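Subject: Handover of a structure and notes on it

Dear colleague,

Please find the structure below, with its sequence. I would be grateful if you could keep it open while reading the notes that come after it.

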Amino acid sequence: MKHIVLLTLSLLAAGCGSSYGMKVPGSLVKKLPFEVRIELLEAENELALAVDKVDEANNEIDRARDNIRRARSRQDAAEDEVDRATDEVSREVAKLAIEESEARVEYLRAKQRLSVGLRDVSELARDCAFAKFEMAKLTSARKAKVQGSEELDPKEFEEQVAECEAEVKEERAGLAEAEKEEKAAREAWEVKKTALARKTFDARASPYVENL
C-alpha cells in the first residue's frame, strides 16, 4: 500500500508540466530493500504535505471567489436601500453600506490576486518536494548499491533541487507588492466597516456588518 501511495504522488507531481521532473527509474526503486525504503518516508511525507498545500491554496481561491459574489450581492442590496430610504439617517446608513461593500470587494479582489500568487508558489514548492523525493530515491539506491544507480549523477539531482528552491525563493519575494496591496485594501475596508458599524449602534454587533 505504501508503494502505491508513493507512486501515485510521484505521478501527480510529474504530470504538472514541471521543469523539475527528472526522475529515478521505478525499476531501481523496486529493487530497494524494505529497510532502505523506510528511509524514503520523510521525503515522501514532505511531498504529501506539499500536495496538500496546493489543495489548500486552490480552496482559498474558491473561497475568495464566493466571498466576492456575496460582497457584490450586498453592494446591490445597499444600493437598493438608498432608493427605499425614507429619511436622512436611513439614507446615510445605506450610503455607508455601499462604501463598505465597495471596499470589501476591492479587498477581496486584492486577496484573491495574492492567493493566486501563493498558489503558484505552492505548486512550485510541490515540484521541489518531488525533486527532493527523487534525490532521496537515488541516494538510497546508491547506498544500497542497486545495479544501475551508478549510471545516474547525484549532482544533477542536487542541482535540480537547488534550482527549484531558488525559484521558489524568487517567486515568493515577487509577491511583496501583492501583499502590500492586500494589506492596504484590507485596512481601507476596515475603516469603512468601522464607520458603518458605529453608525448602526455597535462596532461588534452591528447587523449591517458582516465579518469575513
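The notes below deal with confidence, then with one helix and its surroundings, and then with charged side chains.

Confidence

Please bear in mind that this is a predicted model. The average pLDDT of the protein is 85, and 86% of the residues score at least 70. Helix 6 (residues 154-173) has the highest confidence, with a mean of 96, whereas helix 1 (residues 2-14) has the lowest, with a mean of 46. The pLDDT is below 50 over residues 1-11, a stretch with 17 contacts in the model beyond near neighbours in sequence. Residues 203-208 likewise stay under 50, and the model gives them 9 contacts beyond four places in sequence. Where pLDDT is low, the predicted coordinates should not be read in detail.

Helix 7 and its aromatic pair

Helix 7 covers residues 176-199, which makes 24 residues. At 1.5 Å a residue it should span 34 Å, and the 35 Å between its end C-alpha atoms agrees with this. Its buried residues are Ala178, Glu182, Ala185, Trp189, Lys193, Leu196 and Ala197. Helix 5 (88-143) is included in what covers these buried residues.

Helices 5 and 7 are also linked by an aromatic pair. A pair of aromatic rings is described by the distance of the centres and the angle of the planes. The count for the structure comes to 1 aromatic pair. This pair consists of tyrosine 107 and tryptophan 189; the ring centres are 5.5 Å apart and the planes lie at 5°, so the pair counts as stacked, given that planes under 30 degrees apart fall in that class. Tyrosine 107 belongs to helix 5 and tryptophan 189 to helix 7, with their positions 82 residues apart, and the pair thus links distant parts of the chain. Tyrosine 107 has a relative accessibility of 2% and therefore counts as buried. Tryptophan 189, with a relative accessible area of 1%, is buried as well.

The ring of tryptophan 189 also has a charge over it: the charged end of lysine 193 sits there, 4.5 Å from the ring centre. A further case is lysine 137, whose charged end sits over the ring of phenylalanine 133 at 4.7 Å from the centre.

Glutamate 100

Glutamate 100 lies in helix 5. Its relative accessible area is 1%, so glutamate 100 is buried. Leaving aside residues up to four places away in sequence, glutamate 100 touches Arg74, Trp189, Lys192, Lys193 and Leu196. From glutamate 100 to leucine 196 the C-alpha distance is 7.1 Å, although the two are 96 residues apart in sequence. Glutamate 100 also forms a salt bridge with arginine 104, with 3.0 Å between the closest N and O atoms. The two residues are 4 residues apart in helix 5, about one turn of the helix, and both are buried.

Salt bridges

Side chains of opposite charge can pair when their charged atoms come close. How many salt bridges does a search of the whole structure find? The search finds 19.

Two of the salt bridges join residues of helix 4 (residues 41-84). In one, glutamate 60 pairs with arginine 63, and the closest N and O atoms are 2.7 Å apart. These residues are 3 residues apart in the helix, and so are separated by about one helical turn. Glutamate 60 counts as partly exposed because its relative accessibility is 23%, and arginine 63 is partly exposed at 45%. Glu60 and Arg63 are linked with Lys111 in a network of salt bridges.

In the other, the side chains of arginine 65 and aspartate 62 meet at 2.8 Å, N to O. Here too the separation is 3 residues in helix 4, about one helical turn. Arginine 65 is partly exposed, with a relative accessible area of 35%, and aspartate 62 is partly exposed at 36%. An α-helix has 3.6 residues a turn, so residues three or four places apart point the same way.

A position in helix 6

Finally, glutamate 158 is found in helix 6. With a relative accessible area of 43%, glutamate 158 is partly exposed. Glutamate 158 and alanine 136 are 22 residues apart in sequence, and their C-alpha atoms are 9.8 Å apart in space.

With kind regards

Technical notes: Residues are numbered from 1 along each chain as its sequence is written. This is a predicted model: local features need pLDDT of at least 70, side-chain atom pairs count only at pLDDT 80 or more; totals for chains, interfaces and linings use all residues. Side-chain values use heavy atoms; hydrogens and water are left out. The expected span of a helix is 1.5 Å times one less than its number of residues. Buried means under 20% relative accessible area, exposed over 50%, partly exposed in between (1.4 Å probe, protein chains only). Contact means heavy atoms within 4.5 Å. Rings of Phe, Tyr and Trp (its six-membered ring) pair if their centres lie within 6.5 Å; planes under 30 degrees apart count as stacked, over 60 as edge-to-face and the rest as tilted. A charge sits over a ring if NZ of Lys or CZ of Arg is within 6 Å of the ring centre and within 35 degrees of the ring normal. A salt bridge is a side-chain nitrogen of Lys or Arg within 4 Å of a carboxyl oxygen of Asp or Glu. pLDDT is the predictor's confidence in each residue, from 0 to 100.
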